[in-house]
Every structure is written in C-alpha cells, then in structure tokens.
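Thanks for making the time this morning. I would like to walk you through one structure, going from the overall fold down to individual side-chain pairs.

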Amino acid sequence: MTHSTDILGSLWLVLCITFTTAVPLSSFYPYGPVAGDLLVPSGLDVFSNATWLPTPFLFFGTQYTNIFVNNHGDLTFNLSFTGYIPETFPITGIPMIAPFWADVDTTGTGYVWYRTTNDMALISKAMHD
C-alpha cells in the first residue's frame, strides 16, 4: 500500500464521519401504549385481532373495512396470515400489503405495535414521508 493510498483512505474515513448524523427523535412516529397503539401478541406466526378501519380501504378494486396485522411484516384483509412463505407476490387468494416481509419470531424479544388513526397531522406526515 502506498502513502497516497493511506491518505486517501483516511480522507474517506473522515468524510464518512463528517457527513454521518443522527436522526432526530422528532423524525420518528410516536408509538407504544402512550400513543394509543395496540400490541400484536409475542410469538412466531402471530397476528392481531381483526381491526376495524374507520374509512374503507380500496385495494385492487375491493373495499375492505378490517385488517389484520401479522408479525411477519404484512397486513392482510379478511383473514390473518400466519405463515412465512418466501414467494413472489401476489400470493393467490390472500390480499396483502407487505412493507416488511420476513420470518419474524418475537418470542421473548421485540414488539409489533399498530393502530388506526384519524389524526390529520400524523396522516399528513405519513403521506409526505
């Protein structure tokens, strides 16, 4: 390794450190019981109770009025979905939104919180993020 390579490597490290900043807490959404969230039970292949949606949700031409929050990072309509099947979407017969799709086990650690809201400030923030 040459002296100029050492200098460039050090310069790159300094630049990375210089431009790395912490995300302020105000950038996060409020969560947990203080925010009115509900908790999906801990475990493997678990899900919430059916949650009524205050406004019907139009998804691929069908309106839904309730949703299930599944701990594998997906939301399903009409029925829960307990299995993690790494396959392409859509999964036949299961209307699903999967913003985070993984085989998750929250037994002993980790939580999945959820809620519905009519808080326009929170909805506006979500629409612009």
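I will begin with the chain as a whole, then take the sheet, the aromatic residues and the charged residues in turn.

Please keep in mind throughout that this is a predicted model, and that everything I quote is computed from it. The protein chain has two helices and six strands, and if you read along the sequence you meet them in the pattern α-β-β-β-β-β-β-α. Of the 129 residues in the chain, 25% are buried. The chain exposes about 9,300 Å², and carbon and sulfur atoms supply 66% of that area. As for contacts, if we consider those with a separation of 6 or more, residues 24 or more positions apart account for 51% of them.

Let me turn to the sheet. It is an open sheet of four strands, in the order β2-β3-β4-β5, and the pairing is antiparallel. Which strands stand at the edges? They are β2, residues 51-59, and β5, residues 96-97; each has a single partner strand, so one side of each is left without a neighbour in the sheet. The partner of β2 is β3, which covers residues 62-70, and five bridges join these two antiparallel strands. To give you one position to look for on the screen, Leu58 has Gln63 in β3 as its bridge partner.

The connection between these two strands deserves a moment. β2 and β3 form a hairpin with two residues between them, and Phe60, in that turn, has a positive phi of about 50° although it is not a glycine. As a reminder, most residues other than glycine have a negative phi. With a relative accessibility of 79%, Phe60 counts as exposed. Asn78 is another non-glycine residue with a positive phi, in this case near 75°, and Asn78 is found in the loop between β4, residues 74-77, and β5. Asn78 is exposed as well, its relative accessible area being 54%.

Phe60 brings me to the aromatic residues. The structure holds eight aromatic pairs. In one of them, the rings of Phe57 and Phe59 have their centres 6.2 Å apart and their planes at 35°, so this pair is tilted. The two residues differ in how much of them is accessible: Phe57 is partly exposed, at 35%, whereas Phe59 is buried, at 16%. Phe59 also pairs with Phe77, with ring centres 5.3 Å apart and planes at 35°, so this pair is tilted too. Since Phe59 lies in strand β2 and Phe77 in strand β4, the pair ties together parts that are 18 residues apart in sequence. Both Phe59 and Phe77 are buried. If we then ask which residues make up the cluster around these rings, Phe57, Phe59, Phe60, Tyr64 and Phe77 form one aromatic cluster, and the exposed turn residue Phe60 therefore belongs to the same cluster as the buried Phe59.

Finally, the charged residues. Side chains of opposite charge can pair when their charged atoms come close. How many salt bridges does the model contain? The count comes to two. One joins Arg115 and Asp37, whose closest N and O atoms are 2.3 Å apart. Arg115 lies in the loop between β6, residues 113-114, and α2, residues 120-128, while Asp37 lies in the loop between α1, residues 3-19, and β1, residues 38-39, so the pair ties together parts that are 78 residues apart in sequence. Arg115 is partly exposed, with a relative accessible area of 27%, and Asp37, at 10%, counts as buried.

The other salt bridge is between the side chains of Asp129 and Lys125, at 3.7 Å from N to O. Here Asp129 counts as exposed, at 62% relative accessibility, and Lys125 is partly exposed, at 27%. Lys125 has a further partner to point out, in that its charged end sits over the ring of Tyr29, 5.0 Å from the ring centre.

That is the end of my tour, and I am happy to go back to any of these residues on the screen.

Notes
Residues are numbered from 1 along each chain as its sequence is written. This is a predicted model: local features need pLDDT of at least 70, side-chain atom pairs count only at pLDDT 80 or more; totals for chains, interfaces and linings use all residues. Side-chain values use heavy atoms; hydrogens and water are left out. Two strands pair if DSSP finds at least two bridges between them. A salt bridge is a side-chain nitrogen of Lys or Arg within 4 Å of a carboxyl oxygen of Asp or Glu. Buried means under 20% relative accessible area, exposed over 50%, partly exposed in between (1.4 Å probe, protein chains only). Contact means heavy atoms within 4.5 Å. Accessible areas come from the Shrake-Rupley method with a 1.4 Å probe; for residues, only the protein chains shown count as cover. Rings of Phe, Tyr and Trp (its six-membered ring) pair if their centres lie within 6.5 Å; planes under 30 degrees apart count as stacked, over 60 as edge-to-face and the rest as tilted. A charge sits over a ring if NZ of Lys or CZ of Arg is within 6 Å of the ring centre and within 35 degrees of the ring normal.
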